[in-house]
Amino acid sequence: MRLRLTPRDTTIIDLLVQAGNALVEGADLLHAVMTAGDADRADLLVKMRDAEHACDDIVHATMRKLNSTFVTPFDREDIYSLASALDDCMDNMEAAADMVVLANPARLPDGVQTQLRVLQEQAKVTAEALPRLHTMKGLEEYWVEINRLENDGDEVWRDMLAELYSGAYEPLELLKVREVIDALEDAADAFESVSHHVETIAVKES
Amino acid sequence: MRLRLTPRDTTIIDLLVQAGNALVEGADLLHAVMTAGDADRADLLVKMRDAEHACDDIVHATMRKLNSTFVTPFDREDIYSLASALDDCMDNMEAAADMVVLANPARLPDGVQTQLRVLQEQAKVTAEALPRLHTMKGLEEYWVEINRLENDGDEVWRDMLAELYSGAYEPLELLKVREVIDALEDAADAFESVSHHVETIAVKES
Amino acid sequence: MRLRLTPRDTTIIDLLVQAGNALVEGADLLHAVMTAGDADRADLLVKMRDAEHACDDIVHATMRKLNSTFVTPFDREDIYSLASALDDCMDNMEAAADMVVLANPARLPDGVQTQLRVLQEQAKVTAEALPRLHTMKGLEEYWVEINRLENDGDEVWRDMLAELYSGAYEPLELLKVREVIDALEDAADAFESVSHHVETIAVKES
C-alpha cells in the first residue's frame, strides 16, 4: 500500500467508466448487426461506427487529461495502457460487425450466439468493475469472471472450428465463417486483456 | 549495477524455474501427441491438459508471492510479464496439441518434426537459463540460442508454406496443415518472447 | 516537464534516426520487389535481406549503447520498446516481400499499389519525425499523419477482402492473395505501433 501525499485527481477514472459504458452499447449493437437481416444491417453498422467514434472521443479525452494532470491516480503508463485496451475492445467489436458484411457467409453456426452473449456479459462486468478503481475493492471477482467468460467463448470457438474442418463445409464458406468467429474471439480476448491491465494496476496498488 | 540496500526474496526466481521445468514436460508431451496414432492421442491430451494446469498453478503462485513480497528481486512488473510469457508458452503448446486433433489433417509434412525438436530445445535452454536469474550470469548465450532456434523453426515453417502453395494441396487440406504449423510457430515465438522479457530484466540490472 | 540534472547522451536518438532512414530504403525495396517480374525478384530479395540486416545492426547498436549509458534521454525501457518497434517495421516489410514469392499469387489486386504507397509514406514521415525527439517538438502531427495513412491502408485492405469473398476468386488463389495483403497490412500496423511508442515517450516528457 503506497502512501498518498497529494490529493489525486479521479476524473480520469470517471472517463474510464464512460468508456466501459460505451462498450456495453457496442456489444449490444454487435449482437443486433449479427442477428439482423441484410435490410437492417446498413443502419446498424452506421450506429456501430458512431458508437466507436464516441468511445474514441472518450479515450482521447482520457489521454488529454492524462497529459495535463500532475498527480494521476495510478501510474501514468498503466492508465494509458488500460485506456488503449478499452479502445481495442470497441475496435474489435466494430471489426467483427464489419466482417460479417465483408465476408458475408451464407449462414452462421449456432455457436456465434454464445460468442455474442459472452461479449455482452464481458462488456457488462467490465462496465461494473471500472468504477471500483476508485476504491480498488471487489476487482478480483471481476477478472475471475472475465476469464470464465473468455473460457466459455473459447470452448464454443473450438467446437465451431472442429465443425468447420469436419468436411461439412466448402473451403470458401469455411473461410467466410472463420473470419466472423475469429473476429468475435479476438473481441473476447480484448476484454480479457483489459482485465489484465486492471490486474496490473491492482498488483501495484496492493 | 544497482545497489541493493535490502535482502531480496528469491523464492520468486525458484517459482519461475519450476515454470521452466514444466515447459520441458509440455514440449515432450506435445511431441508425443503429434507423433501418436489416433488411439493414444486422447490419453496424451489429458496429460497435456494436466501439465498446463500445473504450469498455471505455478504462475499463479508466482503472482501471489509477487503481491505479498515487499522487496522483489527485479521490477515487479517485469516479473509479472515474464511469468505471463512462460504461461503463454504452455498455452501455445497446448493449443498446438489441440489443433492437430481439431483440424485433423490427413498427414503432416516432415518439417513438423523440426518444429517439434525446436520447441523441445527451446524449452530445455529456457529451463536451464532461468536459475541463472539468481546470479544474472550466462544469460546472453541463452537468448542468442533461443533466437537461433527460432530462426530454424521459422525457416522450416516458410519451406512448408511454399510447399502448401505449390499446388500439391487441396484447399481444405492446406488449411488444416496450416493450422498446425502456425500453432507450432506461435509456440516457438512465445519462447522467443520469454527470452526478450529475460533480456529486459538483464538490461535493467546491468 | 521533468527537470534535467545531468547532461543527456543523445547518441541514442541519432541511432534511432538511422533506423528510421533504413525503413525508407526498406519500403522502397518492398515496392520494387512487389512490382518486379520474376526475373528481377531474386536480386531484389537479396537487397531486402541486406537492408534488414543493416537495420538489425543499428537496432543492436542502440541496445548496446543503452546498456552502457548511465543517463538516457528517455526511460530506458521506452527506448528499448521504440527500437524494437522500428525493427518490427523492417521485419514485417521483409516478411511481405518474402510472402509474395512464397505464396506466389497469379496476380495482385490493384489495392496492393495503395498499400505499398502507404508504407512508403509511413516510412518517410517516421524518418522525418525521429530527429524531432531531440526537441520533442512537432511530434503530434507525425502520429496524426501515421494514423491517417494507416486508415487509408486499412480501407483498401477491407475493399480487397470484400472482393476476395465476392465469389470471383478460387479458394487457393484467394488464400495466396490474402497472405500478401495481410503481410502488407501488418507492416502498416507496425508503423502505427512505432508512433504509439513515440507518443508514450512524449506523454512522459510533457
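What follows is a working chat about the chain contacts, the nonpolar core and one helix of a predicted model.

Student: Before we start, what kind of model is this, and how are residues numbered?

Tutor: This is a predicted model, in which local features need pLDDT of at least 70 and side-chain atom pairs count only at pLDDT 80 or more, while totals for chains, interfaces and linings use all residues. Residues are numbered from 1 along each chain as its sequence is written, chains are lettered from A in the order in which they are written, and side-chain values use heavy atoms, with hydrogens and water left out.

Student: OK, how many residues of chain A are in contact with chain B?

Tutor: Counting contact as heavy atoms within 4.5 Å, 15 residues of chain A are in contact with 13 residues of chain B. The area buried between chain A and chain B, meaning the accessible area (1.4 Å probe) that the two parts lose on being put together, summed over both, is about 1,300 Å², and carbon and sulfur atoms give 64% of that.

Student: Which three residues of chain A supply the most of the area it buries there?

Tutor: A:Arg158, A:Tyr165 and A:Val203 supply 45% of the area that chain A buries against chain B, more than any other three residues.

Student: And how many salt bridges between chain A and chain B?

Tutor: There are two salt bridges between these chains, each being a side-chain nitrogen of Lys or Arg within 4 Å of a carboxyl oxygen of Asp or Glu. The side chains of A:Arg178 and B:Glu179 meet in a salt bridge, at 2.1 Å from N to O.

Student: Switching to chain C and chain A, what's the buried area?

Tutor: About 1,400 Å² is buried between chain C and chain A, with 64% given by carbon and sulfur atoms. On the chain C side, C:Arg158, C:Tyr165 and C:Val203 supply 46% of the area that chain C buries against chain A, more than any other three residues.

Student: Does C:Arg158 pair with anything, and what is the distance?

Tutor: The side chain of C:Arg158 meets that of A:Asp98 in a salt bridge, at 2.4 Å from N to O.

Student: New topic: which residues touch the most other members of the largest nonpolar core?

Tutor: Those are A:Leu30, B:Leu30 and C:Leu30, in a core of 232 residues. A nonpolar core is a set of buried (under 20% relative accessible area, 1.4 Å probe, protein chains only) Ala, Val, Leu, Ile, Met, Phe, Trp, Tyr and Cys residues joined through side-chain atoms within 4.5 Å.

Student: What does C:Leu30 touch?

Tutor: Leaving aside neighbours within four places in sequence, C:Leu30 is in contact with residues including C:Met48, C:Met93 and C:Leu184.

Conventions: Buried < 20%, exposed > 50% of the residue type's maximum accessible area, 1.4 Å probe, protein only.
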